[in-house]
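Thank you for sharing this structure; my comments below are written so that a first-year student can follow them beside the model. They deal with the charged side chains.

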Amino acid sequence: MNQSTQRQQALVPLARSKPWDMLIIGGGITGAGIAREAARRGLSVLLIEQKDFAWGTSSRSSKMVHGGLRYIASGDYKTTLLSVRERERMLTEASGLVNEMHYVMPHYKGKFPPPWIFNTLLRVYDKIAGKRYFKYFKKDVFLRLNPNIKQDRFLGASQFSDAITDDSRLVMRVLDEAIHDGAQAINYLKAESLITNEQGLVVGATLKDTASKDKDQTYKVHAKVVVSATGAWADTLRMQAREQTEQSFNKQIRPSRGSHLVVSQERLPTSQAYTFLHPADKRAVFVYPWENRTVLGTTDLDHPPLNDEEVGITNEEVDYLLDATNSLFNETDLNRKDIISTWAGVRPLIADSGNGKRVSPSKEKRDHSVWLDNNLVTVSGGKLTTFRLIALDVLAKCQEVLDLDDSATQNLNTNSDQVFNNPTPTHAKFVTLPADLQQRLQGFYGRKLDTLLELAHEEDLAYVTDSNTIWAEIRFAARFEQVIHLDDLLLRRTRLGLILPHGAMTPLISARLKQICQQELGWDEQKWQQEVARYSELWQRYYHLPAA
């Protein structure tokens, strides 16, 4: 099947004449979570995304599924409680996709936080989780295990646990669960404008197919409720909804950029995450292992007003993260030549005046908010960890406008805790795989794993160089996961563009990628060259080092 045929099939749901129960605008983790919870309750759901699934913040986070240790320090016990419960849920339900990771906080004489304060917080953290993760290492023991950290005035280190994931694959996995329960999801469809009735109430949206050669291809979709889950872009549609009834509007979203660097494990080997305070501004930063690489992150800076373009790291942020890392590790001396790739994402913080004073982005709360404006439900803020809880809050708000019969309303009120279903793979190839790969693939693909293995050629079960990704994942994504561009495949369906040199476009890998794209997407030589040129320019500009 060629790509144009795949696209035509993906757009078939737009021919529906009956209004949808719910139109969700935004294909990140928040939109996917809402689609999952709505579809499992029997609602007819259409989710659309103006770029690719997880294109925005949800592929550019720090990849951490955490309980929010900082919330305890600020006295927000409830947020920590809810976050820890969701973390533990995902560790159980999505093992292989969400995995436990140890974190250590080195302590130095005269530096904040002192061990006794931090360890008190960790004991509370463990009590909330109902498990003991906390461990304290005395100086000599820790230095034997971590000989490369700075030793001057070193006291010891505290260890605790949170979790790590592939955020983009998490979105795809949640979307797959939603689709299995009847939802429809289409990427590269932009909500150009909202459709309103005579009373000024939002009843749908006009959608533009941004992947079509016909630049004027639009669709009118009607729904009983429209949900905007567009994250840092949320103010745009809210403004449209309120303009219909001439309501005043103050922007609520404060975009904050978080950037990261990726280096090799050879240059900075890590088997656990290090968290410490930056020597310049005392913000918490992390150095941690991810996908056989080491990640340095993150920054937290106000970002200019958003458009539909990519977001990239700045030179100042590169220096900031290198300085932080070199301040903790002896003789590492990381520099720009060591950087394999970078990524930057924009967090949708909900602005808080701070009693009339503008606080720094790092001090803004990470809570989510839900608004209802003339039948448009908007959600923004929040954390990757709590996407299920955010979805339930959105459904509660939608009940105020959804015209449902009694049985559907009762169904909407049911609250199943389980997000992921994990049937045991039955394909014969599964038992031939290494145990760690079995676990990873089960977490990443769930019920679709048998399909992936059925599609795989024998050589597709090999790893792509020293990554954790096998070639079969690339073939499966190209066939089944609405890949439109090469960056969809290399930056989101897989993360090869972030962890391999030159964005994975080395001769041997590129040749194999070309073959798969030709077989699964029907790309001819001209199309392949166009995609390579597009991807290379994008990667160099936004996923490598910024121009000097």
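The numbered points below go through the salt bridges and then a patch of charge on the surface.

1. Please keep in mind throughout that this is a predicted model. A search of the whole structure finds 41 salt bridges, and the points that follow take up some of them.

2. Arginine 254 and aspartate 302 meet through their side chains in a salt bridge, with a distance of 2.7 Å from N to O. Because arginine 254 belongs to strand E11 (residues 253–264) and aspartate 302 to strand E15 (residues 301–302), the pair ties together parts that are 48 residues apart in sequence. The two partners should be described separately when it comes to accessibility: arginine 254 is buried, with a relative accessible area of 4%, whereas aspartate 302 is partly exposed, with a value of 37%.

3. Aspartate 300 forms a salt bridge with arginine 347, and the closest N and O atoms of this pair are 2.9 Å apart. Here too distant parts of the chain are linked, since aspartate 300 sits in the loop between strand E14 (293–297) and E15, while arginine 347 is found in strand E16 (residues 339–350), 47 residues apart. Aspartate 300 has a relative accessible area of 8%, which is under the 20% limit, and so aspartate 300 is counted as buried.

4. A salt bridge within one helix is given by lysine 527 and glutamate 531, whose closest N and O atoms are 3.0 Å apart. Both residues lie in helix H18 (residues 525–542), and because they are 4 residues apart there, about one helical turn separates them. Is each partner buried or partly exposed? Lysine 527, at 23% relative accessibility, counts as partly exposed, while glutamate 531, at 3%, counts as buried.

5. Salt bridges can also share partners, and in this way Asp52, Arg169, Glu481, Asp487, Asp488, Arg492, Arg493 and Arg534 are joined into one network. A student may find it helpful to locate these residues in the display one after another.

6. Which residues form a positive surface patch? The patch is made up of Lys109, Lys111, Arg153 and Lys282. One of them, arginine 153, is placed in the loop between helix H6 (139–145) and strand E6 (154–165). With a relative accessible area of 48%, arginine 153 is partly exposed; patch residues need over 30% relative accessible area, and so the value of 48% for arginine 153 satisfies that condition.

Methods
Residues are numbered from 1 along each chain as its sequence is written. This is a predicted model: local features need pLDDT of at least 70, side-chain atom pairs count only at pLDDT 80 or more; totals for chains, interfaces and linings use all residues. Side-chain values use heavy atoms; hydrogens and water are left out. Patches are made of residues with over 30% relative accessible area and no salt bridge: like charges are joined within 9 Å, nonpolar side chains (Val, Leu, Ile, Met, Phe, Trp, Tyr) within 5 Å. Accessible areas come from the Shrake-Rupley method with a 1.4 Å probe; for residues, only the protein chains shown count as cover. A salt bridge is a side-chain nitrogen of Lys or Arg within 4 Å of a carboxyl oxygen of Asp or Glu. Lys and Arg count as positive and Asp and Glu as negative; His and the chain ends are not counted. The place of a charge is taken as NZ of Lys, CZ of Arg, CG of Asp or CD of Glu. Helices (H or I, at least four residues) and strands (E, at least two) are DSSP runs, numbered from the N terminus. Buried means under 20% relative accessible area, exposed over 50%, partly exposed in between (1.4 Å probe, protein chains only).
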